[in-house]
Amino acid sequence: MIDNIMAILEPVIGRTIKRKISTMSGKKLPFIAGHKLLYTCNLRCDMCPFWRRKDEKLLSLEEEIKMMDSLASAGVSFMGFEGGEPLLRNDLEDILKESHKRFHTSLVTNGWLLKGRASSISRYLDYLFVSIDGRKETHDKQRGVPSSFDHAIEGIKEAKKYVPVAMSTTITTNNMDDIKYVVNLAEELGIGVNIQVSYDYSTADKLSPDRKKLYDLLLDLKKMKEDGAPIVNSKEYFDTLVNSWYYGIPWACKPWSTVNIDPQGRIVMPCYVLNEYAGEKKVWEIDIKELWNTYDWKPYESCNKCSLSCYLEPSIFSWRKPSMVSERIFGSIADYIASIF
Ligand code: SF4
Ligand code: SF4
């Protein structure tokens, strides 16, 4: 039994300890991987650049496995799949199964195709994120396709029978007034909600809200979290945005904590927002540890351009903040164990 539990924990605890030892000697290593399985999507969100890109040939299952093996040996413990819409891949279950053997595994979907596949994908997931932007009318308008909201909610109701689920909500100029509604809806459905503020990509519609108008909302969300609302973001996430946007106290971005892989298996650096370097080589043809420790990350530490929680949260994580350790590390391990038994 102990052997089984240790075998399950190795991807998270074992690599975390090894990484901690390496980083103490000044080395940088990624511990999260974000992989876009494809750019194609069945929705047309205003703020999204990805559905506007054409997919080249996608990775085969064998190549996905090669990619996962090289990420695991570089120290990655957490794998997040996204797109485009990942459920458009017919081999998604096979990919997730392989990921779940190696990593704490999560997936982001728009939920349209979720209902019919919730049970088959959930057995290989530790956490599922479904995008919800607001009330039905707001959501459908922002997602660009009628009935997106209804499909997503149906999918959530089915998926939460099998796996922990959270809504993923991006604050834009269109839905600022709906954010508290979304938090209440998550509470009603018995799931979590992760919130982030839209970033303007050069190839998408500009929808970032005016920061002056966000001040009260950010403080209200932090208060809702403290009062027990199921907000997945740490309260430090809201503190960091308020401090940096309104009081001029910057946060140090650590984009090296996350390695991004595009649908063709190439590493995108320094982060998928800036997308400044995507060499032609596949991730398994590269020595990730060497690349990570020769790349010049310094200019990006003071970037502060985006507030995407997938970068900001790992950047502000500290072992000295008990609430973050408990939510991020122990919570993840508990989910991981629960998903196995
Ligand atoms: S559902 Fe996601 S990938 Fe698809 S268009 Fe919207 S934001 Fe982009
Ligand atoms: S703050 Fe800058 S470097 Fe950091 S993830 Fe955002 S865009 Fe990238």
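Is Gly-279 buried, partly exposed or exposed, and how many other C-beta atoms lie within 10 Å? In this predicted model, Gly-279 is partly exposed, because 13 other C-beta atoms lie within 10 Å, whereas a residue counts as buried at 20 or more and as exposed at 12 or fewer. The legends below begin with an overview and return to this residue in a later view.

**Figure 1. Overview of the predicted model, with its 13 helices and eight strands.** The protein has 341 residues, of which 44% count as buried. Among contacts with a separation of 6 or more, 73% join residues that are 24 or more positions apart. The eight strands form an open sheet of mixed pairing, in the order β6-β5-β4-β3-β2-β1-β7-β8. Its edge strands are β6 (192-197) and β8, each of which pairs on one side only. Strands of a sheet pair through backbone hydrogen bonds, either parallel or antiparallel.

**Figure 2. The edge strand β6 and its pairing with β5.** Strands β5 and β6 pair in the parallel sense over six bridges. One of the bridge pairs joins Ala-166 to Gly-192 in β6. Although β6 is an edge strand, six of its six residues are buried. Gly-192, Asn-194 and Gln-196 point one way from the strand, and Val-193, Ile-195 and Val-197 point the other way. In a regular strand the side chains alternate between the two faces of the sheet.

**Figure 3. The surroundings of Val-197 in strand β6.** Val-197 counts as buried because it has 21 C-beta neighbours inside 10 Å. Leaving aside neighbours within four places in sequence, Val-197 is in contact with Ile-171, Ser-208, Pro-209, Leu-214 and Ser-307. Thr-173 is 24 residues away from Val-197 along the chain, and the C-alpha atoms of these two residues are separated by 9.8 Å.

**Figure 4. The largest nonpolar core, with 82 residues.** Val-76, Leu-128, Val-130 and Val-193 touch the most other members of this core. The largest share, five residues, comes from helix α6. Helix α6 (residues 148-159) lies across β4 (127-131) and β5 (165-171), and runs at about 165 degrees to β4. Not counting residues up to four places away in sequence, Leu-128 touches Ser-106, Leu-107, Ser-122, Ala-159, Val-163 and Val-165. In soluble globular proteins, nonpolar side chains tend to be buried together.

**Figure 5. Strand β7 between its partners β1 and β8.** Strands β1 and β7 pair in the parallel sense over four bridges, and the bridge partner of Gly-34 in β7 is Asn-260. On the other side, β7 (residues 258-261) and β8 pair in the antiparallel sense over two bridges. Here Asn-260 stands opposite Val-268, and Ile-261 has Ile-267 as its bridge partner. Thr-258 and Asn-260 point one way from β7, Val-259 and Ile-261 point the other way, and all are buried. Strands β7 and β8 form a hairpin with five residues between them, and Gly-265 in the turn has a positive phi of about 85 degrees.

**Figure 6. Helix α12 and the elements against which it packs.** In helix α12 (residues 309-316), Cys-310, Tyr-311, Leu-312 and Glu-313 are buried. The buried residues of this helix pack against β1 (32-36), α9 (235-246) and β7. Tyr-311 also belongs to the surroundings of ligand 2.

**Figure 7. Gly-279 in the loop that follows β8.** This loop lies between β8 (267-268) and α10 (288-294). Not counting residues up to four places away in sequence, Gly-279 touches Arg-266 and Ile-267. Gly-279 and Arg-266 are 13 residues apart in sequence, and their C-alpha atoms are 6.5 Å apart in space. The other contact, Ile-267, is the residue of β8 that bridges to Ile-261.

**Figure 8. The residue shells around ligand 1 and ligand 2.** Ligand 1 has 13 residues around it, of which Cys-41, Cys-45, Cys-48, Trp-51 and Asn-110 come nearest. This shell divides into six nonpolar, four polar and three charged residues. Ligand 2 is surrounded by Cys-253, Pro-255, Pro-270, Cys-271, Val-273, Leu-274, Tyr-300, Cys-303, Asn-304, Lys-305, Cys-306 and Tyr-311. The shell around ligand 2 divides into ten nonpolar residues, one polar and one charged.

Notes
Residues numbered from 1 in each chain as written. Chains lettered and ligands numbered in written order. Predicted model: local features only at pLDDT ≥ 70, side-chain atom pairs only at ≥ 80, totals over all residues. Contact = placed C-beta atoms within 7 Å. Near = placed C-beta within 6 Å. Nonpolar A, V, L, I, M, F, W, Y, C, P; charged D, E, K, R; others polar. Pairing = 2+ DSSP bridges. Axes fitted to C-alpha atoms, helices over the stretch in contact; angles between N-to-C directions. Core = buried A, V, L, I, M, F, W, Y, C linked by C-beta atoms within 7 Å.
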